[in-house]
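Let's take a friendly walk through this protein, looking at how its helices pack and where a pocket opens up. Keep the viewer handy as you read.

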Amino acid sequence: MITMERPTLAEMIDAVQQASSAPELTQAVQKLADQRSVTAIPQLIKVLGYNNPSAAVVAMQGLIALGTAAVPDLLALMDDYNYSARAYAVRALASIADPRALDYLTHCALHDFAPSVRRAAIKGLGCIVKKSGDRSLCLRTIDTLQLILRDEDWSMRYAAIASLSYFPSHFIEAQQLLQSVLHGEADLVVKARLHLAVQQHSCNLNSHSGS
């Protein structure tokens, strides 16, 4: 009986680097990501910058699956020139929601030139507060989101509201911030999201108080 030896991790990384077509690359990245190996992290991050959205999504999901182990390399190897790669990396950091990414996500949320990066970073701020439950992080993030709620771009204000909706209900500062901008918001879509976020916080707070 002939048995096929499984490729080593080094061979899987080489297969990603040597892929000659988009489907071949995506398949190779999937095999590499499935290994859940920290050794694969730098290569998965490189794939985020390839001109292959399918492979980039697979690599991003692989990084998310690796969780906090991927955070240091994601921050150290961030591509400051390729906004598409940066958007995938920021989405990964937002999903992992590690507090070590807070400063970088804050910078992106306020200053990145790419709207997709900014929105992903804004979401990530709320995810970090939700996961950590840390009050000091909550207050730092409130200050950032308060600035974004004055942004001229309605999609950024919408993202900030969505981010605030992730905050645990006992952080009343989130509810207070939402209430403070409720009557000044002119965009109907953003205002509808505001009302929903306020209702969510109120229901969660009442449920928490009654338990």
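The notes below cover a helix packing group and then a pocket.

## Before you start

Please keep in mind that this is a predicted model.

## H6 against H8

Let's begin with helix H6 (residues 83-96) and helix H8 (residues 115-132), whose axes come within 7 Å and cross at roughly 15°. With angles under 35 degrees counted as roughly parallel, H6 and H8 are therefore roughly parallel to each other. The crossing of H6 past H8 is left-handed.

On the H6 side, the contact is made by Tyr83, Arg86, Ala87, Val90, Arg91, Ala94 and Ile96, while H8 brings Ser116, Val117, Ala120, Ala121, Gly124, Cys127 and Lys131. Sorted by character, the residues of this contact are nine nonpolar, two polar and three charged.

## H8 against H10

H8 also packs with helix H10 (residues 154-165), at an angle of about 20° and with the axes 8 Å apart. H8 and H10 are therefore roughly parallel to each other, and their crossing is right-handed.

If you want to highlight this contact, select Pro115, Arg118, Arg119, Ile122, Lys123, Leu125 and Gly126 in H8, together with Ser155, Met156, Ala159, Ala160 and Ser163 in H10. Here the residues divide into six nonpolar, three polar and three charged.

## H8 against H9

Helix H9 (residues 135-148) is another partner of H8, packing at an angle of about 155° with the axes 10 Å apart. That makes H8 roughly antiparallel to H9. H8 passes H9 in a left-handed crossing.

From H8, the residues Arg118, Ile122, Leu125, Ile128, Val129 and Ser132 meet Leu137, Cys138, Thr141, Thr144, Leu145 and Ile148 of H9. This contact counts eight nonpolar residues, three polar and one charged. Arg118, Ile122 and Leu125 of H8 appear in the contact with H9 and also in the contact with H10.

## The largest pocket

Now over to the N-terminal helices. The largest pocket has a volume of about 160 Å³. Its lining is made up of Pro7, Met12, Ala15, Gln18, Ala19, Glu24, Gln27, Ala28 and Lys31.

Which helix gives the most to this lining? H2 does, with four residues. Helix H1 (9-18) and helix H2 (22-33) each supply at least two residues of the lining. By character, the lining divides into five nonpolar, two polar and two charged residues.

Key: Residues are numbered from 1 along each chain as its sequence is written. This is a predicted model: local features need pLDDT of at least 70, side-chain atom pairs count only at pLDDT 80 or more; totals for chains, interfaces and linings use all residues. Side-chain values use heavy atoms; hydrogens and water are left out. On a 1 Å grid over the protein atoms alone, a cavity is a set of points where a 1.4 Å probe fits but cannot get out, and a pocket is an open set with protein on both sides within 12 Å along at least five of seven lines; lining residues have an atom within 4 Å of a point. Grid points are joined across faces, edges and corners, and a volume is the space filled by probe spheres set on the points. Ala, Val, Leu, Ile, Met, Phe, Trp, Tyr, Cys and Pro count as nonpolar, Asp, Glu, Lys and Arg as charged, and the others, Gly among them, as polar. Axes are lines fitted to C-alpha atoms, for helices over the stretch in contact, and angles run from 0 to 180 degrees between N-to-C directions. Angles under 35 degrees count as roughly parallel, over 145 as roughly antiparallel, 65 to 115 as roughly perpendicular and the rest as oblique. A crossing is left-handed if the near helix is turned anticlockwise from the far one by less than a right angle, and right-handed if clockwise. Contact means heavy atoms within 4.5 Å.
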